[in-house]
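Reader: Could you walk me slowly through the structure shown here, one topic at a time?

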Amino acid sequence: MPIDATAAYDDSNIFARILRGEISAKAVYEDDFALAFHDIAPRAPVHVLVIPKGAYVSWDDFSARAGDAEIAGFIRAIGHVARVHRLVEPGYRLLANIGPDGGQEVPHLHVHLFGGRPLGPMLAE
Ligand code: 5GP
């Protein structure tokens with residue numbers, strides 16, 4: 001069920017629980033600002049979720065409230081994950097679902113990183 005991305009942050013969401021270590025995830029990268037882990041239901045040979053460690057619901061929330069170091073750290077983490085999975089040359093796709101029209105289901109900002117095969121059209125019809 002898509003969430004309301006303007007709602008207050010709910011720290012019971014599944015990614016908050018992963019950040020607290022209450023639920024396990026297959027991490028591929030972690031630093032002070034970001035955690036990256038394999039999606040539990042991968043839609044491509046590489047399907048990694050990258051999340052900021054701070055409590056942000058959406059891209060709007062993050063871009064408005066996060067500090068410069070958090071924003072830089074998050075963006076750099078996404079690039080790092082793409083490089084270590086050797087996706088730079090074949091290419092890959094980043095996707096952030098935001099709010100109801102975006103189909104966001106988990107109310108903690110996350111970027112999907114897809115790769116490992118040609119990914120087809122940008123949007124499903
Ligand atoms: P959204 O639709 O919010 O952009 O994407 C949420 C993603 O989180 C989905 O691709 C879903 O498979 C993934 N996901 C949901 N629960 C878990 C979980 O417990 N662990 C992991 N690793 N991924 C999850």
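Author: What follows is a set of questions and answers on the sheet, a helix, the salt bridges and some single residues.

Reader: What kind of model is this, and what is left out of the side-chain values?

Author: This is a predicted model in which residues are numbered from 1 along each chain as its sequence is written, and in which local features need pLDDT of at least 70, side-chain atom pairs count only at pLDDT 80 or more, and totals for chains, interfaces and linings use all residues. Side-chain values use heavy atoms, and what is left out is hydrogens and water.

Reader: In what order do the strands of the open sheet stand?

Author: Strands, like helices, are DSSP runs numbered from the N terminus (helices are H or I with at least four residues, strands are E with at least two), and two strands pair if DSSP finds at least two bridges between them. Five strands form the open sheet, their pairing is antiparallel, and the order is β1-β2-β3-β5-β4.

Reader: Which strands stand at the edges of the sheet, and why is one side of each left without a neighbour?

Author: Each edge strand has a single partner strand, so one side of it is left without a neighbour in the sheet; these strands are β1 (27-30) and β4 (92-95).

Author: As for the twist, angles run from 0 to 180 degrees between N-to-C directions, with axes that are lines fitted to C-alpha atoms, for helices over the stretch in contact. With direction ignored, neighbouring strands of this sheet are turned against each other on average by 20 degrees.

Reader: How many bridges join β1 to β2, and which residue of β2 stands opposite Tyr-29?

Author: The strands β1 and β2 form a hairpin, with three residues between them. They run antiparallel, and the bridges that join them number three. Opposite Tyr-29, in β2, stands Ala-36.

Reader: Which residue in β5 stands opposite Val-46?

Author: Strand β3 (residues 46-52) and strand β5 (residues 111-115) run antiparallel and are joined by five bridges. Within β5, the residue opposite Val-46 is Gly-115.

Reader: At about what angle to β3 does helix α3 run?

Author: Helix α3 (residues 68-84) lies across β1, β2 (34-38), β3, β4 and β5, where contact means heavy atoms within 4.5 Å. Relative to β3, the helix α3 runs at about 165 degrees.

Reader: How far apart in space are His-80 and Ala-36?

Author: His-80 is found in helix α3. Its partner in this comparison, Ala-36, is 44 residues away in sequence, and the C-alpha to C-alpha separation of His-80 and Ala-36 in space is 10.0 Å.

Reader: How many salt bridges are there?

Author: A salt bridge is a side-chain nitrogen of Lys or Arg within 4 Å of a carboxyl oxygen of Asp or Glu. By this rule the count is four.

Reader: Which parts does the pair Glu-30 and Lys-53 tie together?

Author: Glu-30 forms a salt bridge with Lys-53, and their closest N and O atoms are 2.7 Å apart. The two residues are 23 apart in sequence, so the pair ties together strand β1, which holds Glu-30, and, on the side of Lys-53, the loop between β3 and α2 (59-65).

Reader: Is Asp-61, the partner of Arg-65 in a salt bridge, buried or exposed?

Author: The side chains of Arg-65 and Asp-61 meet at 2.6 Å, N to O, and the two residues are four apart in helix α2, or about one helical turn. Buried means under 20% relative accessible area, exposed over 50%, and partly exposed in between (1.4 Å probe, protein chains only). Arg-65, at 49%, is partly exposed, whereas Asp-61, at 16%, is buried.

Reader: Which residues are joined into one network by salt bridges that share partners?

Author: One salt bridge has the side chains of Arg-20 and Glu-22 meeting at 2.7 Å, N to O. Through shared partners, the network joins Glu-22, Arg-20 and Arg-17.

Reader: What is the phi of Arg-86, and where is this residue found?

Author: Most residues other than glycine have a negative phi. Arg-86 is not a glycine, yet its phi is positive, at about 55 degrees. Arg-86 is exposed, with a relative accessible area of 73%, and the place where it is found is the loop between α3 and β4.
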